[in-house]
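Work through the exercises below with the sequence and the model side by side, trying each task before reading its solution.

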Amino acid sequence: MTQNLSTPLVSVIIPCYNGERFLAAAIESALNQTYPAVEVVVVNDGSKDDSFGVAHSFGARIVLVDQQNRGLSAARNRGIAASKGEILMLLDADDIFLPTAVASRVKHFADDLSIGLVAGYYREIDEEGTVSERIPEVRTLWEGQAFRQAVRRNWGPPVGWAFRREVFERVGGFDPLLKSCEDWDFVIRVSLRYLVGYEPTVQTYYRKLSGQMSSNYPTMLSAANMVRRKSAVYAPNRWSNWVDGKFGQFELGRRVIYAVLFQDGKVGRMGKILGLMSKYPYLLWVLLLSAFSFLMGKRASNSSAETSK
């Protein structure tokens, strides 16, 4: 595989923990790209199923790393360390790239050298691969406000996120102490120094499954609090960061409440809400503001909690 300035090598990093059911489809989607220079790195993070066997069956078509279970952040970091690409892309073991996903990200980097990370639009699929009727919001970039925008809200699931290797090395890897929201923490650190690009066309599929990390609301809310505290340390303006942090707290809390009330089933939903409020009292004002905004005509939500699995 030849790497040159016009077609920089892109390494697709696929961490996998007990993902044998969907792993082959994820790997195939990364291999079947229109872009000519793609390296696929799979990290088997101590899976107890046959994920290693599935990955191993691809032979020399992929780089396979096998390790004891250390968590998503550590698996991504290990995969990046084993890769050779100038540009790095994220793909979880149950998600899918469309054929032009890599090419669409590379174009952003070629068009603007100041971009450090490219996020993008996506659609959700279910266990069978059927595309959900739910339409996620297409995001818009704030001119010159990448850091503030990132603090206020994550860029959605990290499927298809792409970033330059030099960016990863400069800002540091994914934080292994975070059990959720590690992608949010990463993009905040990137946006402190670089622009964030966004691909508005559907290039990736994000698979919604029961039992994902995005459904573990206490873990996610605790991790989000840690991310906000970290961002406050290096924020250029403490006052605006406090405002943005509160906005981000509201946005995530609103999505969690919406998911519990309308997406997770009817059984025990009020008990879940009360349990979360007892641990995170700020969810009460989030609920009241959300109800007010709904009465004023703002749609409740068009997406689930946009954090890592």
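Two strands pair if DSSP finds at least two bridges between them, and both helices (H or I, at least four residues) and strands (E, at least two) are DSSP runs, numbered from the N terminus. This is a predicted model, in which local features need pLDDT of at least 70 and side-chain atom pairs count only at pLDDT 80 or more, while totals for chains, interfaces and linings use all residues. Residues are numbered from 1 along each chain as its sequence is written, and side-chain values use heavy atoms, with hydrogens and water left out.

**Exercise 1. Work out the strand order of the sheet that contains β5, β10 and β7.**

Solution. Begin with strand β5 (residues 96-97), which pairs with strand β10 (residues 204-207) in the antiparallel sense over 2 bridges. Within this pairing, I96 has Y205 as its bridge partner in β10, and F97 stands opposite T204 of that strand. Next take strand β7 (residues 123-125), whose pairing with β10 is parallel and runs over 3 bridges; here the bridge partner of R123 in β10 is Y205. Putting the pairings together gives an open sheet of 3 strands in the order β5-β10-β7, with mixed pairing. Its edge strands are β5 and β7, each of which pairs on one side only.

**Exercise 2. Trace the open sheet of 7 strands and place the helices that pack on it.**

Solution. As background, strands of a sheet pair through backbone hydrogen bonds, either parallel or antiparallel. The order across this sheet is β3-β2-β1-β4-β8-β6-β9, and the pairing is mixed. At the edges are β3 (63-67) and β9 (195-199), each pairing on one side only. From one strand to the next, the twist averages 20°, where axes are lines fitted to C-alpha atoms, for helices over the stretch in contact, and angles run from 0 to 180 degrees between N-to-C directions.

Towards the β9 edge, strand β6 (residues 115-120) pairs with β9 in the parallel sense over 5 bridges, and G120 has E199 as its bridge partner in β9. Helix α4 (residues 101-111) packs on the sheet, touching β1 (10-16), β2 (38-45), β4 (87-90), β6, β8 (162-164) and β9, with its direction at about 145° to that of β6; contact here means heavy atoms within 4.5 Å. Helix α7 (residues 182-191) lies across β6, β8 and β9 and runs at about 140° to β6.

**Exercise 3. Decide whether the residues of β2 are buried or exposed.**

Solution. Apply the cut-offs first: buried means under 20% relative accessible area, exposed over 50%, and partly exposed in between (1.4 Å probe, protein chains only). By this criterion 8 of the 8 residues of β2 are buried, so the strand is largely enclosed by the rest of the structure. Then check each face: V38, V40, V42 and N44 lie on one side, E39, V41, V43 and D45 on the other, and all are buried. Finally, β2 pairs with β1 in the parallel sense over 7 bridges, and V38 is the bridge partner of V10.

**Exercise 4. Describe how helix α9 packs against α8 and against α10.**

Solution. The axes of helix α8 (residues 217-234) and α9 come within 10 Å and cross at roughly 170°. That makes α8 roughly antiparallel to α9, because angles over 145 degrees count as roughly antiparallel, those under 35 as roughly parallel, 65 to 115 as roughly perpendicular and the rest as oblique. By class, this contact has 10 nonpolar, 6 polar and 2 charged residues, where Ala, Val, Leu, Ile, Met, Phe, Trp, Tyr, Cys and Pro count as nonpolar, Asp, Glu, Lys and Arg as charged, and the others, Gly among them, as polar.

Turning to the other partner, helix α9 (residues 238-262) and helix α10 (residues 269-279) pack at an angle of about 155°, with their axes 8 Å apart. Therefore α9 is roughly antiparallel to α10 as well. In this contact V256, I257, V260 and L261 of α9 meet R269, M270, K272, I273 and L276 of α10, and by class there are 7 nonpolar, no polar and 2 charged residues.

**Exercise 5. Find which residues D244 contacts.**

Solution. D244 is found in helix α9 and is buried, with a relative accessible area of 1%. Leaving aside its neighbours within four places in sequence, D244 is in contact with R148, V151 and R152.
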